[in-house]
Amino acid sequence: MRIGLAGVGHLGKIHLKCLKNIPEWEVGGIYDANPKTAEEVGQEFGVRVFPTFEALLDASDAIDLVTPTTTHFELASQALKSRKHLFIEKPVTHTLTEARKLQKLYAEADVKIQIGHVERYNPAFISVKDRIKNPMFIEAHRLAEFNPRGTDVPVVLDLMIHDIDVVLAAIQSPVKKISASGVAVISETPDITNARIEFVNGAVANLTASRISMKRMRKMRIFQKEAYISIDFLKKESEIISLVPEADRGKNPFAMTLTSANGDVKELEYFKPKSPQINAIEAELKSFYHSIKNNTPEEVSLDDGINSLEVAHEILQKIKVNLTLIQ
């Protein structure tokens, strides 16, 4: 299957390198709105450069869309009208109106769309995802050093949306209420944001994202009945502390024994799962290929992308209201 790559900036070049490492995909060529950039990347990677997006569409079975978010809807619409399979980097579109229009085009196109929420393929998350069962509280911190390249969108759409997607995948319940606050420190949109998401089933997620930190951090802590799960997306490591079932007590000499005032005895054990040695971007692009080849559901669907975008935009609206009240 031949895939065309649209957008060869910083992230686009990473995608191109990954695609060339995946034997299932044949890289048919690239397109970028900046012809000079496209030519330079084309020469560097030895791939064909197309002068227009339409020409890239004609030569491709699928499109990997890694252009600025503001262009996603226009280019994705063209691809769907040409009945091309689509991989779209997060967030799916710039606005919710665009996302819902895209949903209608998708329903008519009979193709696959996967959204690039790459943390679903992070080795640390993969190592524990089968152990996540009905979490009731999730806390996440995603901090980054300042980079002017990302300031064209609010930090909610740039960074926090990664954790929003993971939280929605982990907590299978409708959102009940969202509270949020944020501050624009050195750009025109909030650079640091905190959001509290409450779910119908009683679960709560507390998310913080910042792009003006002195150090990088991407950590998530998940609390559920009889277990605590810690995920470090940056280090690709995870930890689990869980209650030992009564039938298995006494079998692990390293387990921690707790005795309550009334004499009840419980055991806690520490477990550090082994993270798979995979490249997350390669993994999601392989997953995209197999959903097309085997006609199976996409692991991160268009609906998933839209659900995350809806929550992100409600967070942005709450921040806007709070800023208005302060002023």
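Nine strands, where strands are DSSP E runs of at least two residues numbered from the N terminus, form an open sheet in the order S7-S8-S9-S6-S10-S11-S12-S14-S13, with mixed pairing; two strands count as paired if DSSP finds at least two bridges between them. This is a predicted model, in which local features need pLDDT of at least 70 and side-chain atom pairs count only at pLDDT 80 or more, while totals for chains, interfaces and linings use all residues. Residues are numbered from 1 along each chain as its sequence is written, and side-chain values use heavy atoms, with hydrogens and water left out.

**Nine-stranded sheet**

- Strand S7 (175-183) and strand S13 (256-259) stand at the edges with a single partner strand each, so one side of each is left without a neighbour in the sheet.
- Neighbouring strands of this sheet are turned by 10° against each other on average, direction ignored, with axes being lines fitted to C-alpha atoms (for helices over the stretch in contact) and angles running from 0 to 180 degrees between N-to-C directions.
- Strand S6 (residues 137-143) pairs with strand S9 (residues 204-210) in the parallel sense over seven bridges, and Phe137 has Val204 in S9 as its bridge partner.
- Helix H7 (residues 155-170) lies across S6, S7, S8, S9 and S10 and runs at about 155° to S9; helices are DSSP H or I runs of at least four residues, and contact means heavy atoms within 4.5 Å.

**Five-stranded sheet**

- Five strands form an open sheet in the order S2-S1-S3-S4-S5, with parallel pairing.
- Strand S4 (residues 85-89) and S5 pair in the parallel sense over four bridges, and Glu89 stands opposite Gly116 in S5.
- Helix H4 (residues 72-81) lies across S3, S4 and S5, running at about 170° to S4.
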